[in-house]
Amino acid sequence: MNDITNTITKPLAVLGENGSGYTKEANFVSWNGNDAKLDIRIWYPGHERCGKGVTLTEDEGRNLYEALKEIYEPE
């Protein structure tokens, strides 16, 4: 089985942390050496491993941004 590699190319924000030190983060992550994409997932302390999450293309990230603006910054 091939190992999946990841590299956080640009940390964005820690969205939350549980009592065990696991953090939910938004980052730009390169998976298997590909172009970095917006990524939201749980990281183990020290970024040794990661849990389930979601990776978004640039268009998906922009769509999410627009949707969140409508919720949190209504006109």
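Okay, let me open with a question: leaving aside its neighbours within four places in sequence, which residues is Cys50 in contact with? Hold that thought while I set the scene.

What you have in front of you is a predicted model, so please keep that in mind throughout. The protein has 75 residues, and they make one helix and four strands. Going from the N terminus, the order is β-β-β-β-α. If you draw a box around the C-alpha atoms along the principal axes, you get roughly 50 × 30 × 20 Å. Buried residues are 19% of the chain. The accessible surface is about 6000 Å², and carbon and sulfur atoms account for 50% of that. On contacts, take the ones between residues at least 6 apart in sequence: 19% of those join residues at least 24 apart.

Right, back to Cys50. This residue sits in strand β4, which covers residues 50–56. Its partners, again skipping anything within four places, are Asn6, Trp31, Arg41, Ile42, Trp43 and Tyr44. Is Cys50 buried or exposed? Neither, really: its relative accessibility is 25%, so it counts as partly exposed, given that buried means under 20% and exposed means over 50%. One more thing on Cys50: Tyr22 is 28 residues away from it in sequence, yet the two C-alpha atoms are 9.2 Å apart in space.

Next up, Thr23, over in strand β2. This one is buried, because its relative accessible area is 12% and the cut-off is under 20%. And what does Thr23 touch, once we drop residues up to four places away? The list is Val14, Gly16, Glu17, Arg41, Ile42 and Trp43. You'll have heard Arg41, Ile42 and Trp43 already, in the list for Cys50. The Thr23 side chain also makes a polar contact with the side chain of Glu25, at 2.6 Å.

Now the pocket, for anyone who likes a hole to look into. The largest one has a volume of about 360 Å³. How many residues line it? There are 18, and the ones nearest its centre are Leu12, Phe28, Leu38, Gly61 and Arg62. Which elements do the lining residues come from? At least two each are supplied by β1 (6–17), β2 (23–31), β3 (37–43) and α1 (58–72). The helix α1 gives the largest share, with seven residues. As for chemistry, 13 of the lining residues are nonpolar, two are polar and three are charged.

Last stop, a couple of backbone oddities in the loops. Asn32 is in the loop between β2 and β3. It isn't a glycine, but it has a positive phi of about 55° all the same. Asn32 is partly exposed, with a relative accessible area of 44%. Then there's His47, in the loop between β3 and β4. Also not a glycine, His47 has a positive phi of about 60°. Its relative accessible area is 38%, so His47 goes down as partly exposed too.

So, to pull it together: we have a β-β-β-β-α layout, and a pocket whose lining draws its largest share from α1. Thr23 is a buried residue in this predicted model, Cys50 a partly exposed one, and two loop residues, Asn32 and His47, have positive phi without being glycines. That's it from me, happy to scroll around the structure with anyone who wants a look.

Note on methods. Residues numbered from 1 in each chain as written. Predicted model: local features only at pLDDT ≥ 70, side-chain atom pairs only at ≥ 80, totals over all residues. Heavy atoms only, no water. 1 Å grid on protein atoms, 1.4 Å probe; cavity = no way out; pocket = protein on both sides within 12 Å on 5 of 7 lines; lining within 4 Å. Points joined across faces, edges and corners; volume = space filled by probe spheres on them. Nonpolar A, V, L, I, M, F, W, Y, C, P; charged D, E, K, R; others polar. Buried < 20%, exposed > 50% of the residue type's maximum accessible area, 1.4 Å probe, protein only. Contact = heavy atoms within 4.5 Å. Areas by Shrake-Rupley, 256 points an atom, 1.4 Å probe, with all protein chains shown as cover. Polar contact = N/O pair within 3.5 Å; in protein donor to acceptor, adjacent residues only side chain to side chain.
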